[in-house]
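The following exercises concern pocket lining, sheet topology and model confidence. Each task is followed by a solution in steps.

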Amino acid sequence: MTPLKLLVVEDDSASLELMTEVFTSLKAEVCAVNDSAEAVGIINHERFDGIFLDLEMPNLNGFDLARLVRKSSSNKSTPIVIVTGRDERQTMQEVFALGATFFLQKPVDRQKLSILFRTVSGGMLENRRKYIRVPLQTEVICVVGSRTIRGMTWNLSQGGMQVEASNLQPKDTVRLSFRLPVSGVSIDAMGTVAWANEKRQGIQFTTLNTPAQQSIRTYIAEVEKD
(Lines give C-alpha, C1' and ligand atoms only; values in the text may rest on other atoms or scores of the structure.)
Protein backbone atom coordinates (compact mmCIF):
# COMPACT_ATOMS: atom_id res chain seq x y z
CA MET A 1 0.00 0.00 0.00
CA THR A 2 1.23 3.49 -0.83
CA PRO A 3 2.23 5.34 2.38
CA LEU A 4 0.06 8.18 3.62
CA LYS A 5 1.27 11.47 2.20
CA LEU A 6 1.28 14.21 4.84
CA LEU A 7 1.96 17.95 4.71
CA VAL A 8 3.24 19.44 7.98
CA VAL A 9 3.35 23.25 8.22
CA GLU A 10 5.07 24.47 11.40
CA ASP A 11 7.36 27.47 11.91
CA ASP A 12 8.97 26.07 15.08
CA SER A 13 11.94 24.03 13.83
CA ALA A 14 12.05 21.67 16.82
CA SER A 15 8.36 20.80 16.54
CA LEU A 16 8.62 20.42 12.76
CA GLU A 17 11.59 18.07 13.10
CA LEU A 18 9.87 15.97 15.77
CA MET A 19 6.62 15.62 13.80
CA THR A 20 8.54 14.71 10.65
CA GLU A 21 10.61 12.11 12.49
CA VAL A 22 7.63 10.49 14.23
CA PHE A 23 5.37 10.34 11.15
CA THR A 24 8.21 9.05 8.98
CA SER A 25 8.94 6.31 11.53
CA LEU A 26 5.27 5.31 11.22
CA LYS A 27 5.76 4.81 7.46
CA ALA A 28 4.22 8.08 6.26
CA GLU A 29 5.67 10.24 3.49
CA VAL A 30 6.14 13.71 4.97
CA CYS A 31 6.47 17.07 3.26
CA ALA A 32 7.76 19.41 6.00
CA VAL A 33 7.41 23.18 5.50
CA ASN A 34 8.37 25.94 7.95
CA ASP A 35 7.04 28.84 5.84
CA SER A 36 3.26 29.18 5.59
CA ALA A 37 3.52 31.30 2.43
CA GLU A 38 5.49 28.50 0.74
CA ALA A 39 2.79 26.03 1.81
CA VAL A 40 0.17 27.85 -0.27
CA GLY A 41 1.76 26.85 -3.57
CA ILE A 42 2.21 23.26 -2.40
CA ILE A 43 -1.43 23.00 -1.29
CA ASN A 44 -2.63 24.14 -4.70
CA HIS A 45 -0.50 21.73 -6.71
CA GLU A 46 -0.11 18.52 -4.68
CA ARG A 47 -2.73 16.28 -3.13
CA PHE A 48 -2.15 15.05 0.43
CA ASP A 49 -3.84 12.46 2.61
CA GLY A 50 -3.55 14.68 5.68
CA ILE A 51 -2.44 18.26 6.46
CA PHE A 52 -1.06 19.38 9.84
CA LEU A 53 -1.20 23.13 10.41
CA ASP A 54 0.31 25.16 13.23
CA LEU A 55 -2.19 27.83 14.24
CA GLU A 56 0.29 30.55 15.22
CA MET A 57 2.58 31.45 12.31
CA PRO A 58 3.80 34.69 10.70
CA ASN A 59 2.56 35.69 7.26
CA LEU A 60 -0.37 33.28 6.99
CA ASN A 61 -1.61 31.67 10.17
CA GLY A 62 -3.36 28.32 10.48
CA PHE A 63 -6.80 29.90 10.10
CA ASP A 64 -5.82 31.44 6.76
CA LEU A 65 -4.18 28.25 5.52
CA ALA A 66 -7.17 26.13 6.49
CA ARG A 67 -9.42 28.43 4.45
CA LEU A 68 -7.11 28.09 1.46
CA VAL A 69 -7.00 24.31 1.81
CA ARG A 70 -10.78 24.13 1.69
CA LYS A 71 -10.83 26.33 -1.43
CA SER A 72 -8.11 24.38 -3.26
CA SER A 73 -8.96 21.94 -6.02
CA SER A 74 -6.45 19.36 -4.79
CA ASN A 75 -7.13 19.30 -1.04
CA LYS A 76 -10.61 20.65 -0.39
CA SER A 77 -11.62 17.38 1.27
CA THR A 78 -8.24 16.46 2.83
CA PRO A 79 -8.40 15.97 6.62
CA ILE A 80 -6.81 18.90 8.48
CA VAL A 81 -5.20 18.62 11.91
CA ILE A 82 -4.75 21.93 13.73
CA VAL A 83 -1.77 22.00 16.10
CA THR A 84 -1.84 24.79 18.68
CA GLY A 85 -1.04 25.83 22.22
CA ARG A 86 -4.46 27.44 22.56
CA ASP A 87 -7.12 25.56 24.45
CA GLU A 88 -10.04 28.01 24.39
CA ARG A 89 -13.39 26.56 23.34
CA GLN A 90 -13.87 29.47 20.91
CA THR A 91 -10.63 28.60 19.08
CA MET A 92 -11.73 24.99 18.71
CA GLN A 93 -15.12 26.07 17.39
CA GLU A 94 -13.48 28.41 14.86
CA VAL A 95 -11.09 25.80 13.44
CA PHE A 96 -13.79 23.17 13.17
CA ALA A 97 -16.05 25.71 11.44
CA LEU A 98 -13.26 26.23 8.89
CA GLY A 99 -13.25 22.53 8.11
CA ALA A 100 -10.56 21.19 10.43
CA THR A 101 -11.00 17.52 11.24
CA PHE A 102 -8.82 17.12 14.36
CA PHE A 103 -7.27 19.33 17.04
CA LEU A 104 -3.88 18.58 18.67
CA GLN A 105 -2.85 20.43 21.82
CA LYS A 106 0.74 21.62 22.20
CA PRO A 107 3.29 20.84 23.50
CA VAL A 108 3.59 17.80 21.25
CA ASP A 109 5.65 14.73 22.08
CA ARG A 110 6.30 11.33 20.52
CA GLN A 111 3.50 9.61 22.39
CA LYS A 112 0.89 12.23 21.51
CA LEU A 113 1.91 12.21 17.85
CA SER A 114 1.96 8.42 17.62
CA ILE A 115 -1.49 8.09 19.21
CA LEU A 116 -2.90 10.81 16.95
CA PHE A 117 -1.44 9.22 13.81
CA ARG A 118 -2.94 5.83 14.63
CA THR A 119 -6.27 7.50 15.40
CA VAL A 120 -6.51 9.45 12.16
CA SER A 121 -4.77 7.14 9.67
CA GLY A 122 -7.84 4.97 9.05
CA GLY A 123 -9.97 7.99 8.18
CA MET A 124 -7.22 9.38 5.96
CA LEU A 125 -6.98 6.12 4.04
CA GLU A 126 -10.74 5.97 3.57
CA ASN A 127 -10.79 9.57 2.37
CA ARG A 128 -7.99 8.77 -0.08
CA ARG A 129 -9.98 5.88 -1.53
CA LYS A 130 -12.88 8.20 -2.30
CA TYR A 131 -10.74 10.12 -4.75
CA ILE A 132 -7.94 7.82 -5.84
CA ARG A 133 -8.30 6.60 -9.41
CA VAL A 134 -7.16 3.11 -10.29
CA PRO A 135 -6.76 1.66 -13.79
CA LEU A 136 -9.79 -0.15 -15.17
CA GLN A 137 -10.13 -1.23 -18.77
CA THR A 138 -13.38 -3.00 -19.48
CA GLU A 139 -16.41 -2.50 -21.71
CA VAL A 140 -19.02 -0.02 -20.50
CA ILE A 141 -22.52 0.53 -21.83
CA CYS A 142 -23.73 4.12 -21.59
CA VAL A 143 -27.42 4.87 -22.04
CA VAL A 144 -28.30 8.53 -22.66
CA GLY A 145 -32.00 9.03 -23.28
CA SER A 146 -32.87 6.71 -26.18
CA ARG A 147 -29.21 6.29 -27.23
CA THR A 148 -27.07 3.30 -26.26
CA ILE A 149 -23.31 3.89 -26.55
CA ARG A 150 -20.65 1.23 -26.11
CA GLY A 151 -17.29 2.36 -24.86
CA MET A 152 -14.28 1.46 -22.72
CA THR A 153 -13.43 2.51 -19.20
CA TRP A 154 -10.01 3.98 -18.37
CA ASN A 155 -10.01 4.39 -14.61
CA LEU A 156 -12.32 4.23 -11.62
CA SER A 157 -12.79 5.98 -8.28
CA GLN A 158 -15.49 5.76 -5.64
CA GLY A 159 -16.96 8.95 -7.04
CA GLY A 160 -16.84 8.30 -10.75
CA MET A 161 -14.89 7.07 -13.75
CA GLN A 162 -13.20 8.08 -16.98
CA VAL A 163 -14.46 6.44 -20.16
CA GLU A 164 -13.90 6.57 -23.89
CA ALA A 165 -17.35 6.69 -25.49
CA SER A 166 -18.39 8.75 -28.48
CA ASN A 167 -21.03 11.50 -28.38
CA LEU A 168 -21.11 12.07 -24.64
CA GLN A 169 -21.51 15.73 -23.77
CA PRO A 170 -21.01 17.65 -20.51
CA LYS A 171 -24.09 17.57 -18.25
CA ASP A 172 -25.53 14.47 -20.00
CA THR A 173 -27.30 12.10 -17.61
CA VAL A 174 -25.92 8.61 -18.21
CA ARG A 175 -26.86 5.12 -17.08
CA LEU A 176 -23.69 3.02 -16.84
CA SER A 177 -23.30 -0.74 -16.89
CA PHE A 178 -19.93 -2.53 -16.57
CA ARG A 179 -18.26 -5.47 -14.82
CA LEU A 180 -15.39 -5.36 -12.36
CA PRO A 181 -12.42 -7.60 -13.25
CA VAL A 182 -11.70 -10.79 -11.27
CA SER A 183 -14.89 -10.67 -9.19
CA GLY A 184 -17.09 -10.25 -12.27
CA VAL A 185 -19.51 -8.11 -10.24
CA SER A 186 -21.93 -6.17 -12.45
CA ILE A 187 -22.21 -2.47 -11.66
CA ASP A 188 -25.20 -0.38 -12.66
CA ALA A 189 -25.01 3.31 -11.86
CA MET A 190 -26.40 6.67 -12.82
CA GLY A 191 -24.01 9.51 -13.50
CA THR A 192 -23.50 12.94 -15.00
CA VAL A 193 -20.83 13.80 -17.57
CA ALA A 194 -18.62 16.29 -15.74
CA TRP A 195 -16.24 16.97 -18.65
CA ALA A 196 -15.55 15.70 -22.15
CA ASN A 197 -12.84 16.02 -24.77
CA GLU A 198 -12.18 14.34 -28.10
CA LYS A 199 -10.91 11.11 -26.55
CA ARG A 200 -12.26 10.75 -23.02
CA GLN A 201 -15.11 11.75 -20.76
CA GLY A 202 -15.28 12.11 -16.99
CA ILE A 203 -18.46 10.83 -15.35
CA GLN A 204 -19.47 11.55 -11.77
CA PHE A 205 -21.68 8.96 -10.10
CA THR A 206 -25.01 10.32 -8.88
CA THR A 207 -26.79 7.09 -7.94
CA LEU A 208 -24.96 3.96 -6.78
CA ASN A 209 -26.55 1.33 -4.55
CA THR A 210 -24.81 0.09 -1.41
CA PRO A 211 -23.61 -3.30 -2.79
CA ALA A 212 -22.12 -1.53 -5.82
CA GLN A 213 -20.38 1.02 -3.59
CA GLN A 214 -18.88 -1.76 -1.50
CA SER A 215 -17.75 -3.71 -4.55
CA ILE A 216 -16.01 -0.63 -5.97
CA ARG A 217 -14.36 0.12 -2.60
CA THR A 218 -13.10 -3.45 -2.41
CA TYR A 219 -11.78 -3.37 -5.96
CA ILE A 220 -9.93 -0.08 -5.39
CA ALA A 221 -8.43 -1.34 -2.12
CA GLU A 222 -7.17 -4.52 -3.82
CA VAL A 223 -5.60 -2.60 -6.70
CA GLU A 224 -4.00 -0.11 -4.31
CA LYS A 225 -2.62 -2.99 -2.19
CA ASP A 226 -0.88 -4.46 -5.23
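**Exercise 1.** Determine which element supplies the largest share of the lining of the largest pocket.

*Solution.* Step 1: β12 contributes the largest share of this lining, 4 residues; strands (E, at least two residues) and helices (H or I, at least four) are DSSP runs numbered from the N terminus. A pocket is, on a 1 Å grid over the protein atoms alone, an open set of points where a 1.4 Å probe fits, with protein on both sides within 12 Å along at least five of seven lines, and lining residues have an atom within 4 Å of a point.

Step 2: α5 (110–131), β11 (186–196) and β12 (201–207) each supply at least two lining residues.

Step 3: The volume of the largest pocket is about 300 Å³, taken as the space filled by probe spheres set on the points. Of its 14 lining residues, those closest to the centre are Arg133, Ser157, Gly159, Gly160 and Gln204.

Step 4: By class, the lining holds 6 nonpolar, 6 polar and 2 charged residues, with Gly counted as polar.

The model is predicted: local features need pLDDT of at least 70 and side-chain atom pairs count only at pLDDT 80 or more, whereas totals for chains, interfaces and linings use all residues. Residues are numbered from 1 along each chain as its sequence is written, and side-chain values use heavy atoms, without hydrogens and water.

**Exercise 2.** Establish the strand order of the open sheet and identify its edge strands.

*Solution.* Step 1: The order of the 5 strands is β2-β1-β3-β4-β5, with parallel pairing; two strands pair if DSSP finds at least two bridges between them.

Step 2: β2 and β5 (102–105) are the edge strands, each pairing on one side only.

Step 3: At one edge, 5 bridges join β1 (residues 5–9) to β2 (residues 29–33), and Lys5 has Glu29 as its bridge partner in β2. At the other, β4 (residues 80–84) is joined to β5 by 4 bridges; Ile82 stands opposite Phe103 and Val83 opposite Leu104.

Step 4: β1, helix α1 (residues 13–25) and β2 form a right-handed β-α-β unit, as do β4, α4 and β5. Right-handed signifies that, with the strands pointing away from the viewer, the path from the first strand over the helix to the second runs clockwise.

**Exercise 3.** Which elements have the lowest and the highest mean pLDDT?

*Solution.* Step 1: The chain mean is 90, and 99% of its residues reach 70 or more; pLDDT is the predictor's confidence in each residue, from 0 to 100.

Step 2: Helix α4 (residues 89–97) has the lowest mean, 82, and strand β10 (residues 173–179) the highest, 97.
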